[in-house]
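The following paragraphs go through a structure, beginning with individual contacts and ending with the domain layout.

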There are 2 protein chains.
Amino acid sequence: MSKYSISDIAEICGVSKSTVSRVINNKPDGVSEKTKNRVLKVIDELNYRPSLLARSVATKHSELIGLIIPDISNLFYPEIIHGVSTYLAKHGYSMILAHSGYNQETEKELLLSMVDKRVDGVIICSGISNEEFLKEYKKYEIPLASIGRTYDNYLSDLSISGDNVKGAKLATRKLLSTGNTKIALLSGHSEVAGTKQRIEGYKQALNDAGIEFDKNLVFHGDYTIESGTKMAEELIKSKTEFTAVFGGSDLIAIGAIKALNRAKISIPDEVEVMGFDNIYLSEVFEPPLSTISKPHYDMAVEISRKLLCLIQGKTDLIPHFIIEPQLIVRNTTK
Amino acid sequence: MSKYSISDIAEICGVSKSTVSRVINNKPDGVSEKTKNRVLKVIDELNYRPSLLARSVATKHSELIGLIIPDISNLFYPEIIHGVSTYLAKHGYSMILAHSGYNQETEKELLLSMVDKRVDGVIICSGISNEEFLKEYKKYEIPLASIGRTYDNYLSDLSISGDNVKGAKLATRKLLSTGNTKIALLSGHSEVAGTKQRIEGYKQALNDAGIEFDKNLVFHGDYTIESGTKMAEELIKSKTEFTAVFGGSDLIAIGAIKALNRAKISIPDEVEVMGFDNIYLSEVFEPPLSTISKPHYDMAVEISRKLLCLIQGKTDLIPHFIIEPQLIVRNTTK
DNA sequence: TTGAAAGCGCTAACAT
DNA sequence: ATGTTAGCGCTTTCAA
């Protein structure tokens, strides 16, 4: 801990705490140049650093923002973290990062721990949230923003997300357009809202094309490479006919590619593969993955911007924003 | 903010603040069951949450740990974050995450901002630190741990890192063992200490094998895929003969693979490729990359554990720890 | 078992 | 331009 307090500095300089407070906060009404310099000099010599904790209890704001993510090993999230952290740092805020592990109970506790820490706002990436609890959470009056999921009843004050239904439709349609009728769907975490929406989009596209939905082509796992591989292996083993694979996320699609490679099934000639998310890895992977794009980094920056606006009292923001998904054709589709 | 303070709760319950404080802190000396239950009930009904900020200024510890990383888009760091965050959460601490962007000045400011926030300790991943400043930093008396770099003069209280020289030697020797004599080195961020050590290991291995060091085989960039691609392209364009590529990191090696692929150079038949770090991506990439392993996640957990021990007053720790590097042979070497 | 009082390090309203 | 005072929400020592 810093060895000196504002009182120490005041005493040593022979001024009052208020004066010291004024100089460390660069108050406009001001202090005479002379005393200011004297105080500054002592501060510098003693390496005094004002306690932001103490300041926060006095001012009732902490310049702290909580970010809650499910699991950083989903490469989707580092991009979010990067965006949030970069924007916040630029504006004098710090970020407390925590992992919910896709666990509703953990998420609840984290949300509460954020109020204990008196953060000025929280950003949550989830889709698994307990809506009941989110409703309760409002009484703590701490601005809540969410990425990746627009809560149906606007349980968060702010949100930004991709249109999952539309995105999945786009992906499926692309696959249909090159003649595929047997499109396997390798799906993620079924509790997550976005997952259901993607399944819905897939179904709609099939329906629009007059193709019957086939249960045997749908597999459920989670949003990891390993799970993608496992689901694809099951698919292959099941002997169900298929000519395309739509992964619920890029990670799943990449896992599937690994399984297809091992089974000597060539991509995209024998089987086309489509991802979802357009994470950085999808671009650098070999072969580069066709996918549906949502600009995560930009979404993270944008939601951070709005959150700070909200905290600073702006109320004329568009609170809920849905990003138009975009088809990215790379090498795993024809 | 929480609408109620400890005084409010005390007043409503008709007890003193001390009593409320005792129950929220579960003090052993205790409060009678009856009053305890009464207080608990009011707390619950009013959704009172004690302010950790206020508590921290009173107790002089914050249960906050700062983690400073250069750049999260180096996939090395999410693994570190995961390890640190997981361990800390399990032990009641929270993590403030910040990015230095490989910038010495930024790092300095972040370090100071951590003392302003009165964190109980900081973990820094860098190698670019200003040693002069690190020395000064000691006077703030906040425990400092570093990952990935053992500061020469023990400028941090705790450290854990891989042996870069030995690791690079191991990698180079493996490449030499299959008859390669023209081994290109694609190196990262030259300001980073680990970079120099890896170059040193490479040189030593060549020297041990009686092979002359060839400047034309060494390229300098940074620790990204893009940089790896660029360096490999330059290498290819330079017409310098080579039969193996040693990347200063997995990301660089992967970038190089992309360039080699494009140039229709087959791996590992025509050119062998070796990475460094063994990040998760190196395992899932196609082809899976041969590399040198350092167990990041475990290192992160271990340093977190030691840091909390140190904070809690244990002094009999082994402060500086070097992890033995391990050769991982996958598909990019013979 | 409980309370009173002082203190943690800061800000802010009001005086001067 | 500067100081006085009270207050932020908590803990902790001491006394009852």
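In this predicted model, Arg55(A) places a polar side-chain atom 2.8 Å from a phosphate oxygen of DNA strand C. Two further side chains of chain A make contacts of this kind. Ser21(A) has a side-chain N or O atom 2.6 Å from a phosphate oxygen of the strand, and for Lys27(A) the distance from a polar side-chain atom to a phosphate oxygen of DNA strand C is 3.2 Å.

The elements that contribute two or more residues to the surface near DNA strand C come from both chains: helix 2 (17–24) and helix 4 (52–59) of chain A, and helix 2 (17–24) and helix 4 (52–59) of chain B. Helix 4 of chain A supplies the largest share, with five residues.

Taken as a whole, the surroundings of DNA strand C consist of 31 residues. The closest are Ile6(A), Lys17(A) and Ser51(A), together with Arg22(B) and Lys60(B). Sorted by class, this surface has 13 polar, eleven nonpolar and seven charged residues. On the DNA side, sugar or phosphate accounts for 61% of the strand C atoms within 4 Å of the protein, and bases make up the rest.

The last topic is the division of chain A into domains. The domain assignment places residues 6–50 in domain 1 and residues 164–293 in domain 3. Domain 2 is written as two segments, 62–163 and 296–324. Between the C-alpha centres of domain 1 of chain A and domain 2 of chain A, the distance is 37 Å.

Technical notes: Residues are numbered from 1 along each chain as its sequence is written. Chains are lettered from A and ligands numbered from 1 in the order in which they are written. This is a predicted model: local features need pLDDT of at least 70, side-chain atom pairs count only at pLDDT 80 or more; totals for chains, interfaces and linings use all residues. Side-chain values use heavy atoms; hydrogens and water are left out. A residue is near a molecule or strand if one of its heavy atoms lies within 4 Å of it. A polar contact is a pair of N or O atoms within 3.5 Å; within protein, one must be able to donate a hydrogen and the other to accept it, and residues adjacent in sequence count only if both atoms are side-chain atoms. Helices (H or I, at least four residues) and strands (E, at least two) are DSSP runs, numbered from the N terminus. Ala, Val, Leu, Ile, Met, Phe, Trp, Tyr, Cys and Pro count as nonpolar, Asp, Glu, Lys and Arg as charged, and the others, Gly among them, as polar. Domain bounds come from an automatic or database domain assignment.
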